[in-house]
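This briefing introduces a protein structure to a reader who has not met it before. Please look at the sequence and the model first, and then read the notes by topic.

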Amino acid sequence: MTKKTPAYGVRAAKGPVARMSIERRDPGPHDVAIEILYCGICHSDVHKVNDDWGTTHFPVVPGHEIVGRVVSQGTSASRFREGDLAGVGCIVDSCRVCPECRAGHEMFCEKGVTFTFDSLEPDGKTWTYGGYSTNMVVDERYVLRIPKGLDPARAAPLLCAGITTYSPLRQFGCKRGDRVAVVGLGGLGHMAVKFAASMGAEVTVLSGSRDEEKDAARLGAKGFVATREPGALEAHEGTFDLLVDTVSAPHDLNKQLTLLRNFGTMVLVGLPPATPLDPFALVHGNKRLAGSNIGGIPETQEMLDYCGKHGVAADVELIKANQINDAYARMGRGDVRYRFVIDGASFGA
Ligand code: NAP
Ligand code: ZN
Ligand code: ZN
């Protein structure tokens, strides 16, 4: 059995995001049915809709920063009660038994992870549809608890932007006194600044636009570099222990590597198209280049609990479903302060 569900998505690459109807399964024994209250807009939604990565299967219903309320659950589901707040991030299924799943790295499941949208269910034929919709049905193993005290609209972006920046800071040992650079002050970037500052690092924002300097300071940054101003980068060569690159468009990675101190690490989380890399930029100074892909379910819960404890949440601009296309256009221009979040009630209105 399936249920018709109002949603927003696109039927072809770059098409406007428009109202459509999708099918959701009835909750199975281990599923919870969730009424979606809020869904954040990640730049990956925009890449997918534009088919920037050449992998999109249309129609696509984006959205993987979801906070909702549990409305019903299957007979064997026990982790939630009706009325509980629940979060869904980028992952909704995986094999659960391979070494990666057992280690809590479900995004690397050896049998193939099921992402929240534009991904195949374990049956190998049903496509997943994301959070730009009124309801969804998810196996409770992949549903996160939202700590009390967090505003649900401001918590939604934690489910992708939050975990994607928390995880590399933890992996690369961000600690008090470290000099951390965050490149790009968008959805991911502003979360990276908040997390690194809350971990005691001395944070510098590298941004294309000088307009964001005041915001960067408010978010917890001590330093600010307007990357397009002549000589701006040269003044910071050899400075940073860790650089987190969240930029969504092609830019000069080789130049950024000069900003690291010897043995420093540049971790890429942004996913622009392929960019040239000069081995000399890495070899001179024993620089390290890394990447980081979201984070698994246990680490996502750890991140949410950390946010509950430290009062960390996203800065959001709440919009209705009929404003998604304007939001995408603004994200294309870097005009985002700092995450658009869609009111779930507007998907069915
Ligand atoms: P976003 O909110 O649109 O922010 C991206 C920021 O990049 C912008 O605010 C802007 O910051 C900077 N930027 C944009 N165009 C630029 C250009 N031409 N040159 C230099 N900087 C530019 O995007 P987001 O949601 O944070 O996502 C950022 C990237 O991470 C996307 O590519 C997304 O797909 C990827 N992502 C990866 C993962 C993962 O698992 N690794 C997870 C989620 C998202 P300034 O105005 O400050 O320059
Ligand atoms: Zn995302
Ligand atoms: Zn697995």
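Is Glu234 buried, partly exposed or exposed? Glu234 is partly exposed, because its relative accessibility is 40%, a value between the 20% and 50% limits of that class. The model is a predicted one, and the points below treat its salt bridges, its zinc site, its second largest pocket and its cavities.

**Salt bridges**

- The count of salt bridges in the model comes to 23.
- One of them links Glu234 with Lys255, at a nitrogen-to-oxygen distance of 3.4 Å.
- Glu234 sits in the loop between strand S12 (223–226) and strand S13 (240–245), whereas Lys255 belongs to helix H7 (residues 253–257), so this pair ties together parts that are 21 residues apart in sequence.
- Lys255, like its partner, is partly exposed: the relative accessible area is 35% for Lys255 and the relative accessibility is 40% for Glu234.
- A network is also present, in which salt bridges with shared partners join Arg154, Lys194, Asp215, Arg218, Asp315 and Arg337.
- The side chains of Arg210 and Glu213 form another salt bridge, with 2.7 Å from N to O.
- Both residues of that pair are partly exposed, Arg210 with a relative accessible area of 38% and Glu213 with 34%.
- Lys175 and Asp178 are paired as well, with 3.0 Å from N to O.
- Asp178 counts as buried because its relative accessibility of 12% falls under the 20% limit.
- As a general matter, side chains of opposite charge can pair when their charged atoms come close.

**Zinc site**

- The zinc ion (ligand 3) has as its protein donors the SG atoms of Cys95, Cys98, Cys101 and Cys109, which lie 2.3 to 2.4 Å from the ion.
- The spacing of these donor residues in sequence is C-x2-C-x2-C-x7-C.
- The site is tetrahedral, with angles of 102 to 121 degrees among the four donor atoms.
- For comparison, the ideal angle for four tetrahedral donors is 109.5 degrees.
- Cys101, one of the donors, counts as buried at 3% relative accessibility.

**Second largest pocket**

- The second largest pocket holds about 310 Å³ of space.
- Its lining consists of 17 residues, and those nearest the centre of the pocket are Arg24, Arg25, Glu121, Trp127 and Thr128.
- Strand S2 (18–25), strand S6 (91–93) and strand S8 (135–139) are the elements that give two or more residues to this lining.
- Strand S8 gives the most, with four residues.
- By class, the lining of this pocket has six nonpolar, five polar and six charged residues.

**Cavities**

- Two cavities of 30 Å³ or more are counted.
- The largest cavity has a volume of about 60 Å³.
- Its lining is made up of Gly89, Cys90, Ile91, Leu144, Leu159, Ile163, Ile294, Gly295, Ile297 and Thr300.
- Seven of these lining residues are nonpolar, three are polar and none is charged.
- The second largest cavity contains about 30 Å³ of space.
- His57, Pro59, Val60, Val61, Asp118, Trp127, Thr128 and Tyr129 line the second largest cavity.
- The lining of the second largest cavity divides into five nonpolar residues, two polar ones and one charged.
- Trp127 and Thr128 appear both in this cavity lining and among the residues nearest the centre of the second largest pocket.

Key. Residues are numbered from 1 along each chain as its sequence is written. Chains are lettered from A and ligands numbered from 1 in the order in which they are written. This is a predicted model: local features need pLDDT of at least 70, side-chain atom pairs count only at pLDDT 80 or more; totals for chains, interfaces and linings use all residues. Side-chain values use heavy atoms; hydrogens and water are left out. On a 1 Å grid over the protein atoms alone, a cavity is a set of points where a 1.4 Å probe fits but cannot get out, and a pocket is an open set with protein on both sides within 12 Å along at least five of seven lines; lining residues have an atom within 4 Å of a point. Grid points are joined across faces, edges and corners, and a volume is the space filled by probe spheres set on the points. Ala, Val, Leu, Ile, Met, Phe, Trp, Tyr, Cys and Pro count as nonpolar, Asp, Glu, Lys and Arg as charged, and the others, Gly among them, as polar. A salt bridge is a side-chain nitrogen of Lys or Arg within 4 Å of a carboxyl oxygen of Asp or Glu. Buried means under 20% relative accessible area, exposed over 50%, partly exposed in between (1.4 Å probe, protein chains only). Donors are N, O and S atoms within 2.8 Å of the metal (3.2 Å for Na, K and Ca); water is not among the atoms, so sites may look incomplete. Four donors count as tetrahedral if all angles lie between 85 and 135 degrees; four count as square planar and six as octahedral if opposite donors are over 155 degrees apart and all others between 65 and 115; anything else is irregular.
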